[in-house]
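Reader: I am new to this structure and should be grateful for a close look at a single part of it. Please choose one helix, describe how it begins and ends, and then follow the contacts that lead away from it.

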Amino acid sequence: MISWRENADELRQILGRLEATESSGRHLDPDEALNTWRDLTLEVRASGRTIYLIGNGASASMASHVAADLAKNARVHTEVFTDLSLLTAIGNDLSFEEVFAEPLRRRMKQAEMLVTISSSGDSPNVIKAAREAIRLGGQVITLSAMKPENKSRSLGRLNFYVPAQTYGWAETCHAAILHFWVDQMVAATRMH
């Protein structure tokens, strides 16, 4: 058994090893990458465009939570694909790999943003959606964990990776990163 303090120290160490890269694989300082993400988000908001957030399981819950926080507190237009009828219809009639890509095909406009949250970084429906968003001229931001060579890390304009080896650690780290982004947006909103 580990103590709470040891648990908190491990979380601090994992978050401290956050890696940020561009699609080319070029490493960025995490603060530089997070500031770029904030600036891209401000551009999306200023143009009246939408930020889509996707994930599976707990990552889907995070996507919904962050979308609500951004909409309410930072006045950003957001969308998540949480309608049960839509998800099950696409999953049944097309395939589960299409549950995010198909709605993006019908809704996403050029220069809008897709934020993907995937602990493994290899979820087929998330990868397919990221590729579709790129094809549509969207900007992709990825959050992933576990394997450093996961597919998500080469898809985003910005890719955030934490070396967490369990779903619990990955989800906790992703929540911290997403809340930092929201807090940056709220601070930027108050300045304007």
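Author: A polar contact is a pair of N or O atoms within 3.5 Å; within protein, one of the two must be able to donate a hydrogen and the other to accept it, and residues adjacent in sequence count only if both atoms are side-chain atoms. Helices (H or I, at least four residues) and strands (E, at least two) are DSSP runs, numbered from the N terminus. The model is a predicted one, in which local features need pLDDT of at least 70 and side-chain atom pairs count only at pLDDT 80 or more, while totals for chains, interfaces and linings use all residues. Residues are numbered from 1 along each chain as its sequence is written, and side-chain values use heavy atoms, with hydrogens and water left out.

The part chosen is helix α2, residues 30-46. At its N-terminal end, D29 acts as a cap, with a side-chain oxygen 3.0 Å from the backbone nitrogen of D31. The expected span of a helix is 1.5 Å times one less than its number of residues. The 17 residues of α2 should therefore span 24 Å, and this agrees with the 24 Å between its end C-alpha atoms. After the helix comes G48, whose phi is positive, near 75 degrees.

Residues are called buried under 20% relative accessible area, exposed over 50% and partly exposed in between, for a 1.4 Å probe and protein chains only. By that rule A33, L34, W37, L40, T41, L42, V44 and R45 of α2 are buried.

One of these, W37, leads to the aromatic pairs. Rings of Phe, Tyr and Trp (its six-membered ring) pair if their centres lie within 6.5 Å; planes under 30 degrees apart count as stacked, over 60 as edge-to-face and the rest as tilted. There are 3 aromatic pairs by this rule. W37 and W181 form a stacked pair, because their ring centres are 4.2 Å apart and their planes lie at 15 degrees. Since W37 belongs to α2 and W181 to helix α7 (residues 167-191), the pair ties together parts that are 144 residues apart in sequence. W37 is buried, at a relative accessible area of 0%, and W181 is buried with a value of 0%. Ring pairs also bring in F160, giving a cluster of W37, F160 and W181.

Away from α2, Y52 and F81 make a stacked pair, with 5.9 Å from centre to centre and 20 degrees between the planes. Y52 is in strand β3 (residues 50-55) and F81 in the loop between β4 (77-80) and α4 (84-93), 29 residues apart, so that pair too links distant parts of the chain. Y52 is buried at 2% relative accessibility, and F81 is buried at 5%.

Charged side chains complete the picture. A salt bridge is a side-chain nitrogen of Lys or Arg within 4 Å of a carboxyl oxygen of Asp or Glu, and the count comes to 12. One of them joins E98 to K128, at 2.8 Å from N to O. This pair links the loop between α4 and α5 (101-107), where E98 lies, with helix α6 (residues 124-135), which holds K128, 30 residues apart. E98 is buried at 10% relative accessibility, whereas K128 is partly exposed at 30%. Both residues belong to a network of salt bridges that links E98, E102, R105, R106, K128, E132 and R135.
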